[in-house]
Structure formats: structure tokens, C-alpha cells
Amino acid sequence: MADDAVAEQKRMRTFQAAALPHLDDVYTLARYLMRNTQDAEDAVQECYLRALRHFDSYRGPAMKPWLLAILRNVCNAEFARRSKEELPTDYSQDESLGEEMPMWQEPQASPEKMMVRQQDTATIRRLVAELPEPFREAIVLREMNNLSYQEIAQVAGVPVGTVMSRLARARAMLRAAWNAAETVTTRPGPAVASGTTS
Amino acid sequence: MRCDESEVMLHALIDGELDAGHARDVEAHVAGCAGCAEKFATFRTMHDVMSAAPLKEIAPAHLRSRIEALMAVPEGRIVSMRQFLRPTRRSFFGGLAMGSALSGALAASLVFAVMRGDQEQTIAEEVVSAHIRSLQAGHLMDVETSDRHTVKPWFNGRVDVAPPVIDLTAESFTLLGGRLDYVDGEPVAAIVYQRRKHVINLFVAQHLGPKHPRPNAKSIQGYNCRHWTENGLDLWAVSDIVGDELDEFVQKIAGSLRQTPSTT
């Protein structure tokens, strides 16, 4: 009995030391997959509960992709449940949506518009959040969770080649949205001009 | 290398995923192709901007404390809090009797107030610990069924009360089952409900803290607690759902208890 308690204590400490440092990463992915804070928090909590439950059988890979894979399953299960129980949401999990899009949009754009310029963090987050799945997931795992292609492949359950093409497409879409956002934000010129003339 | 290959591969080059041989191939193509060179520069800038921006979200403190609580070292399922509560209470009274210059009445009222608050807090903390323990694998339910006619008899002989088991499925609080738990060293009935992904534990016992005819709200470690007394029973509802929803749950339970006075 006492030995059991000691073993359990040891197990909890090991799990805590291994899993807790990745909480921000897990939460970040949850925010982008679930798109609202409350659902994201629920998913994170469920993810850690499941991880704790399966920790005894954990033999690798690295802890971060393992947790993120669990989180992804939690989120997908939630989407599956909702699509059965409730009205279908507009979350597009359909890869064909992206396949139809050209790899490189607006090729006739002027050269100076091709370069990306600085965007503030909030805008970048919004643009990423607006990407369709599975491209959103790929770019978040790469740029925010800082996973390698191999790790992204493990989390998403697809070959590395698919990760590469998803990332290429994700960045092409993001770039188009990025430049479009820029033209909107760089417009308040006239207001400044009218202020100086009065 | 063709442009369509390069369009994919240049990302792997930006991300540092290519071996030396492939990296050379992509670099060679980019050097000789204005279109791909432009894309390479654009995407590398975008990657650099994203890497430099603090894009990773920070988990809110209340979520972190909830996750930490999940990992709290569980006590054995049967813990007698009495063992270490009793001596402290005795020494509290003892100390007061020896050194107090307060009038008897004042001292009594003070003791009452302190004890009352203290006891409520102690039990609330225990109830929350029991709730957290219950969320761990295989601890949630001893009897797992949504049929209240199965849950209720299961408690016979296990606890000294006949706990009300109320079906609130229509109210979208799903009855999951029941469990025998221990709070303040006494066996208590825990009836388990669920709303969406949130588990609600309803602990029921004859005496579980000072009596509260109206629900008393507390929040401990990010969990919401409601304690109230109905039909002579103490009821504690604990969950991570928002306070309003827990209040709704308490109202439904209290409401149906009042419809079926005393034991059911």
C-alpha cells in the first residue's frame, strides 16, 4: 500500500516534469484548432487527462509531439461529436478545398507587392486562424510549436511528403492574405494629410 | 529541378529540413530562376517575421492551475482527515481555555464563527480534492449507468443516507453514475453528472459542514463549489463548469428535491 503510494507519487512527478513544460504549446495549438478560448481550455484539460491515463505506455516520440497528437485527437473527436449532434459547423476539414487553390496566387502582382512586410503579431495570428484546415494546423505546428517535419508528420498522421506540400500551400495562402491585409492597414494616409492642412 | 518541385522544396530549405545534397539542388535552381528566387526571398522573410513574433500563446493562469491540480499526487482513496483534524481542534480549544481573558459569551461566539468558516473551507478543499481525484483514470464511477434506479440502490449499506439520484438528462445534465467517496473521514455518496465535457460531482451526506439553507458559493483551484442543505442532507456540487451553469444545476437538484420531500 505504502509502496503503491510512493510509486504513484513518483509517476506523477515524472509526468509533471515531462508534460507541464509544454502547456503553452498545447494551449496554442488548441486555440487554433478550436478557435474559441473556452473550447480550447476544455480540450487542453482533456488532453492532459488522457496523457496521464496513457503515460505508462508512453515510450516516445518526444513529449511535445506526443501531447500535441493527443490534443489533435481530442479536438477531432469533439468535431466528430458536434457534427453528429449539432448543426454542422463551417470548420472545413476538407483538403480538396486547398487542392483547388493555385499554389501561387496573383502572379501578375507588382514586384514590390511580392515582398512581405512587417505585420503585427495580432494580424499574423488572425491570418493564420483564418486558414482552412489542414493548412492551419501545419503552419501552427511549424511556426508556433516549432516542430520538425518528421514531428508534424507524427502529429498529423500523414507522410512527410504531405507535410511538405501542406506547408507550401499554407504559406502561399498566408502570403496572399498577408498582402491583402497590408493594403487595408496602410490606408489611413488621407487622414494624416487633412490634419496637417488645417 | 523543375519549378513545381522547387516551389515545395524551397520551404524545406527555409525550414532547415534538407540534407546538403538537396539543399544544393534547390539553391542551384533558385540561383538560375528569377521567379523561384523571388518566392524563396518572400517566404524566407515571412518565416523570419513569424519566428521573431511572439506567436506562441500563453496558457491562462486558471487553466495552468487546473492542469497542475490534475497532477497533484493523489492521496489514497480512503483518507481519514479526522486523524489529523481532531488533535488540532482539541489544541485550539485547549489553548483558548488556558489563556483567554475574553468573556465567555464573546469567546463562544468567536469560536463559533471561526469554527464555522474554518470547517466550511476545510470541507470545501476536501470536496475539491475528491472531485479532482475522481477525474483520474478509473476513479470516476463505481457504478456506471444513466439509470437512476440502478444508482440509488447501489448506495444501500454503503452510506448511511439514501442519496437522492435525480435524472436531469432532459435538462442536459447527463447522469453518469455513482461512486463511494470519503470526505472528512466519512463515507459519502458521490453522484456523477456531465454537461458537455465537464464532470459534476454531487456529494451527499448527513453532515458535511455547517448547514446552509441557501447555496454557499466557493471557488477553489479554479473549481466551482456550491454547498447547501436540503431535506436534512448536506449537498456539495463541484465542477469546472462556469458558476452560472453550476447554479442552474443546483437549482434543478434542489427543485426536484423539494418536489419529493424527505427521502425518495
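Which residue stands opposite B:Val238 in S7(B)? The views below lead to the answer, and every one of them shows a predicted model.

**View 1. Strands S6 and S7 of chain B pair up as a hairpin.**
The residue opposite B:Val238 of S7(B) is B:Cys225. Strand S6 (residues 223-230) of chain B runs antiparallel to S7(B), and seven bridges join the two. Two residues lie between the strands of this hairpin. Look for B:Asn231 in the turn, where phi is positive, at about 50°.

**View 2. On strand S4 of chain B, follow the antiparallel pairing with S7(B).**
Here strand S4 (residues 198-205) of chain B meets S7(B) over six bridges. To find your way, start at B:Phe203, whose bridge partner in S7(B) is B:Trp236.

**View 3. Strand S7 (residues 233-239) of chain B is largely enclosed by the rest of the structure.**
Why can we say so? Seven of the seven residues of S7(B) are buried, so the strand is largely enclosed. A useful idea to keep in mind is that side chains in a regular strand alternate between the two faces of the sheet. Both faces of S7(B) are covered. On one side you will find B:Leu233, B:Leu235, B:Ala237 and B:Ser239, all buried. On the other side sit B:Asp234, B:Trp236 and B:Val238, which are buried too.

**View 4. Helices H8 and H9 of chain A pack against each other.**
Two packed helices are described by the angle between their axes and the distance between the axes. For H8(A) and H9(A) (residues 149-156), the angle is about 135° and the axes are 10 Å apart. Because of that angle, H8(A) is oblique to H9(A). Their crossing is right-handed. From H8(A), the contact is made by A:Glu137, A:Ala138, A:Leu141 and A:Arg142, while H9(A) brings A:Ile152, A:Val155 and A:Ala156. Sorted by character, the residues of this contact are five nonpolar, no polar and two charged.

**View 5. Chain A touches chain B.**
In this view, 43 residues of chain A are in contact with 35 residues of chain B. Several helices of chain A give two or more residues to its side of the contact, among them H1 (2-19), H2 (23-34) and H10 (160-185). The largest share, nine residues, comes from H3(A). What kinds of residues make up the side of chain A that touches chain B? They divide into 21 nonpolar, nine polar and 13 charged.

Conventions:
Residues numbered from 1 in each chain as written. Chains lettered and ligands numbered in written order. Predicted model: local features only at pLDDT ≥ 70, side-chain atom pairs only at ≥ 80, totals over all residues. Contact = placed C-beta atoms within 7 Å. Helix = DSSP H or I, 4+ residues; strand = E, 2+ residues; numbered from the N terminus. Nonpolar A, V, L, I, M, F, W, Y, C, P; charged D, E, K, R; others polar. Axes fitted to C-alpha atoms, helices over the stretch in contact; angles between N-to-C directions. Parallel < 35°, antiparallel > 145°, perpendicular 65-115°, else oblique. Left-handed = near helix turned anticlockwise from the far one by under 90°. Buried ≥ 20, exposed ≤ 12 C-beta atoms within 10 Å, placed from the backbone. Pairing = 2+ DSSP bridges.
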